[in-house]
Every structure is written in structure tokens, then in C-alpha cells.
Amino acid sequence: MRLKIVFLIFILFSFKKAVPHYLKEIKSEQEFKMLCSEPLTNKYSDVTSVKVIYDLETKELYFANSRYYKFHYEFCEAIIEPDLYLGRFNVDNYACDSPDRRYLLCNINYFKYLEEYSVELSPSDYMPQNQIELMMDVMKKAVFFGDKLSLMLSTERLQSLAPKFPKSFKLLTPEEIYKNMKVQSVSEGKAIGNLRFVEDLKSEVNTLKRTDIIVIKETPLILPHVAGIIVAEFQTPLSHLTILGRNRKVPVLALKNAFENEELKALEGKNVLLNVFPTFYKLAVTTESSNNENKNNPKIKLTCDLEVKNLVSVSDYKRDLSDYIGNKASNFSLLNALSKNGKFKVPEASFAIPFSRYNLHVHQSGAQKLIDALLLNEGQFDNQDSLKAQLKAIRKAIKSTKIDPSLLSLVEDRIKSNGGFTRMRFRSSTNAEDAKGFSGAGLYESKTGIIGDEKKSVSEGILKVWASLWSYEAFMEREYFNIDQSYVQMGVLVHRAFPKEEVNGVIITKNLYRPGYLGFIVNAQLGNESVVQPTKGVTSDQFICYPETTVNIQPDESVIDVITRSSLNKGKLTMTAEEIQHLADEVYEIKMSLYKRFGRRFVFEDYALDIEFKLEKGTRELYIKQVRLYND
């Protein structure tokens, strides 16, 4: 036995020695495969990558074996220039005006679904145009796919240079890559279950089991209680489906033309293992059993304080605010405090309606009796029709009962005294959302109420927000996370509304495509078009940006790694480079502040906040309207 092990080790060692650390030319597909590995970033699927180094001093070209060398620096130190200092290497070889640049550095990516080889520069590399052209010319002569080699316009700087490149240059945009992708990892994970094609989710949702892995055509408004999901529509990393999937640790895969996929259809009705990885997936028949049955864990009892009766100012942040006005309003109060020393605004005329006012209303309306009756018989929750009918009756009782006149008077007087704003936004602020382990993204409603408007009255706005606590989607998501429904309470965050805005967006303070690395992920879109639930066929901006304090290679230049651009903005990003840099810098300060208060147990790069922002119509001033922990 020992001899076999020694022999195996010898064979593996001999094989590793036989594989070269680099080549000077790539003459075949086999040689490319020998050198390539997965790229450092997983922003696109089905991609392999080879690192390329051109030594300006010796005029030597190297195609590095990416399995041996994770970074260009490691190769240069090991093969060309021993005792390199990393900090000096970065400054010399990525800044555009560095007189000491010795190396031209890039990757050649192979996009399987496009059958395209494309050169990608680091987003922080400001390689001058003439050196880009030199690099491309040298590589084209050294690879078997030279006439097909394209340059990927992955940054705004490269996009601006596009008209200046020779006409012989083949260029590839991020939009072309994204449009032609076949597979997208939405939420990583592993699940075992019965593969089931669902033609109409709305009509079939009552028949779904927790042990099903479902294939659906369109993005669902809620995440069904199933083991896994394969959806035929691509998602943004900040869509409600993505956030809820990652929150639940449920594998979600986007697969174009899933219903026409013959390999997938051949597995219908079979017990399968679905494994979703960052850039690929595996799906196969298995004899293993699903472990996704109902679990009888203790119920989670949420905290709430019903003693506070008055409207609550959010101008003074306190740690215990969430106990009586909810997590969203409490986080907004903290944002408001941070804005005093920041260069951003929060929506003006803000205050909160405490839990106690909701609680009094549900008792006076008779809704509490309906809630109690519902919660007494948990066994009926599997009867979806009955459950939906009871929840509808609870919402109706809440909405059909008039608000306490004294509360309505307090709210309207407060609005009138807050700077002349009459159009207000009433937003859910529960103890069952925006929390560690439970984001509650998209579960509750926000409504606009206008002083003196009969159709969009202040009263109606408050009542609809209160009632949304008992929507079917919210109820079932809380059930999934084993939250004791008798402890949930609804507060209301109130602030001035934005009838028009130039840009709206969401930013995650973590590089979702390269764990442990710098960078913030942004989705942005024109006007009021949603980035979390976009209109079918509409694509938003998606890019990675970097706070200025973390990128010092090229002073006074923004580093923006573009993944897609808005389909509504004629091929341009919806924000300027200056606006993006300002957003990244302000959000970095927010992240730093919250990290010092709450996040010390995390590595700083992995401490992720989910932040909603907008640029106001006309002024384009930055407003930050929400912050919560990003659960993944």
C-alpha cells in the first residue's frame, strides 16, 4: 500500500514538473488549456483565463501558467526579477504616467459561450493607448487565434479610447458578454430534490414541496419554499430574488432557455443534485435524500417595546430605537447622524410612527382577533388557499378601520411643520426586516401620502403600510425563518417623497465577485425604473467601484470596472465618473463608521452593507435613503 502511495506521489510530481510555468507562444487550444485557470473575478460565467506579461526592457512576451501564479507580480518576481517589492511594482506598472513601467500586464479570457478570446486589463491599470496597441500587436503574432483576439472595453476609460484605436482592432463590450451569457450563478449552494418544471408558478405554488428543485420561466415576486430554483431570466446581484436566495442559502441558477434545454428536460421528475458554484453549476441524478424537510426548531421571538406612544424624531440616534420604531427607521436615524459630517443627504422631514400605534390599531380594528385565530392553528398553513384568505381578511380589517384621529392629527401637524413638504413617503419599519440573518427585502410595502389629497391621503398611506405586515409573501418568509409571528410589529418611517429622480440605485460594500478583495458593487438606473425588480428586458448599470482611499496607484482618477450599462441610457453609464467616485467615498465612510460600531467580528473587506441611494432630479445631489446589513 505504501509503495502505491509513493508511486502516485511520484507520478503527480512528475506531471507537475512536465507542465511548463510559461510559454512564449500559444500555438494550439491544448496549450491555452494547459496554461489557463478560472479568472480571479467571477463576474462572468464559463470563462477561463491566462495571464500575460510583456517585458518592455527585454522585449520578451510571457504567457504565464495561471495555476502556478495567481498574480502577475508573483510571476515577475519568480521568473524575471527576484526580490521585487509589491508596492513599488504596482505603482510602476499600473499608473499611466509612470516613467518606471517595465511590464505590460493583462489577461486573455476565453468566453466559452461566445467562443471569443479577449484581452482584459486590470480596472486599476491606466496603460496608455500606445502601449495597449503595442501589447495587442505583440500578442496577436504569438497566439493561434491572433486574428480573432479582441480588446475588452471593461472600463469607462477604455470605452472613451475606443474611437481612437486602429480600425483593425476588434473590440468587445461588457454588454455583448452579458447578453450572450448562458449561465449565471445567482445564489451559490447545494440542494437535493425532485426536478420539476413549473409552467405557471402563480397557479402551481400551492403544490410545491420543500423537496422540489423547480425550473421556472420568469423571476418570481417571492421565493417559493423549495430546495432550489432554476430561472430562465438573468438577475442583478441586488435583485430581491438574489438577496432572498443568498439570505436563505438556497441555490438559485439563471439558465437561459431553460425550458428548451434537452439535458435539463431529461432530468424532469428525477431526484437530482444541484450544485451552484461562482462561475458554473453541476446538475446530476443522485440517490442521496433531500435534507430540506421541515425542522422543528424553537421559534424566534423578536423584541418590541410598546410603551412609546409619541411620534419619534430620527434626528438623535440611539441604539435602542429599533425596539420601538423598527430596524429600518433606526438605521435611517443612524444615517441621518452620519450625514452631518458627510457629503450626502438623507430625505428631509423625517420621523417615525412607533409600534404602539400599529398595535393599538390592530386591536381596535378586530384584526388582532383574526391574527390570534390564525396563529392558534399552525397546521393549516399548508392549506395555501385558506391561509391566503385569512391573511386577506386581516389586511382588510386593518385598512377598513379609520386611524385614530389623534394620531392622524399628530402626523399631519408634524408634516406641516417640517419645511413645507406635503408629499411624503410612508415606509415599513418592522422588527422582522433589515436584521442580521433576515433582510426581508421586498416583503413589505411603501406608500406615498399627500396632505390634502383624497386619492393618496396620509391615512391611506399609513394603513396600507401597516396591512402589508400580513401579506402572504411576508408571512411565509417569516415562517421559513421560524419567526414567531405573534411578536412581529410594524413601525412606519416617514420622510419627504421624491416624485422624480435622475438616478436610483443600490450599492453593496463588498466585492461579490472577488471575495476578500476591495471594491463595491453598484446597480444603478435612470429615474424610477427599479434595479431590484426591473421591467422585463431592461438592464441596469452594473459596475464595481473603489473608494479613493483604497486606490492610490493613479491619483485623481476613478477606477470603474463595468459589467453592464443601462439599456435605457444609450450605452452610457447613468452616473458620471465624479458622481460614482463621490458615492464610493461617502459609502466607504458609512461602512467604516458602522464597522467600528457593529462589525468588528468581520474582516473589514467582508463587512457588507446594502445601501439604497438616489440622485435628485435637477440638482443630482446624492441622497442615501437606506442602510442595512447585507446577508449572504
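# A guided reading of the predicted model

The structure shown above is a predicted model. The protein averages a pLDDT of 91, and 95% of its residues score at least 70. Over residues 6-16, however, the pLDDT is below 50, and this stretch has 1 contact in the model beyond near neighbours in sequence.

A suitable place to begin is helix 9, which spans residues 240-248. The helix is mostly covered, with 9 of its 9 residues buried. The buried residues of helix 9 include hydrophobic-sounding names such as Leu241, Ile243 and Leu244, together with His240, Arg246, Asn247 and Arg248. The elements against which these buried residues pack are strand 8 (183-187), strand 11 (228-231), strand 12 (252-255), helix 18 (472-480) and strand 24 (609-616). Directly after helix 9 comes Lys249, whose phi is positive, near 65°.

Two of those neighbours combine with the helix: strand 11, helix 9 and strand 12 make a right-handed β-α-β unit. Strands 11 and 12 run parallel and are joined by 3 bridges, and Ile230 has Leu253 of strand 12 as its bridge partner. Strand 12 is also joined to strand 8, here by 4 bridges and in the antiparallel sense; in this pairing, Val183 has Leu255 of strand 12 as its bridge partner. The side chains of strand 12 point in two directions, Val252 and Ala254 one way and Leu253 and Leu255 the other way, and all are buried.

The next part to consider is an open sheet of 5 strands, arranged in the order 15-16-19-17-18 with antiparallel pairing. Its edge strands are strand 15 (312-313) and strand 18 (446-450), each of which pairs on one side only. Within the sheet, strand 17 (residues 423-430) and strand 19 (residues 490-496) pair in the antiparallel sense over 7 bridges, and Arg427 has Leu493 of strand 19 as its bridge partner. Helix 12 (residues 327-339) packs on this sheet, where it touches strand 16 (351-353), strand 17 and strand 19. The direction of helix 12 makes about 115° with that of strand 17.

A further open sheet consists of 6 strands in the order 23-22-21-20-24-25, again with antiparallel pairing. Strand 23 (560-564) and strand 25 (622-629) stand at its edges with a single partner strand each, so one side of each is left without a neighbour in the sheet. From one strand to the next, the twist averages 20°. Strand 24 and strand 25 pair in the antiparallel sense over 7 bridges, and Lys614 stands opposite Tyr623 in strand 25. Helix 19 (residues 577-598) packs on the sheet and touches strand 20 (501-508), strand 21 (520-526), strand 22 (541-545), strand 23, strand 24 and strand 25. Its direction makes about 140° with that of strand 24. Strand 24 also links this account to its beginning, being among the elements against which the buried residues of helix 9 pack.

The cysteines remain to be examined. A disulfide is a covalent bond between the sulfur atoms of two cysteines. A search of the whole structure finds 0 disulfides. The sulfur of Cys36 is 15 Å from the closest cysteine sulfur, in Cys106, which is too far for a bond. Cys106 is likewise in no disulfide, and the nearest cysteine sulfur to its own, that of Cys76, is 12 Å away. Cys36 is buried, with a relative accessible area of 6%, and Cys106 is buried with a relative accessible area of 1%.

Notes:
Residues numbered from 1 in each chain as written. Predicted model: local features only at pLDDT ≥ 70, side-chain atom pairs only at ≥ 80, totals over all residues. Heavy atoms only, no water. Buried < 20%, exposed > 50% of the residue type's maximum accessible area, 1.4 Å probe, protein only. Contact = heavy atoms within 4.5 Å. pLDDT = per-residue confidence, 0-100. Pairing = 2+ DSSP bridges. Axes fitted to C-alpha atoms, helices over the stretch in contact; angles between N-to-C directions. Right-handed = clockwise from strand over helix to strand, strands pointing away. Disulfide = S-S within 2.5 Å.
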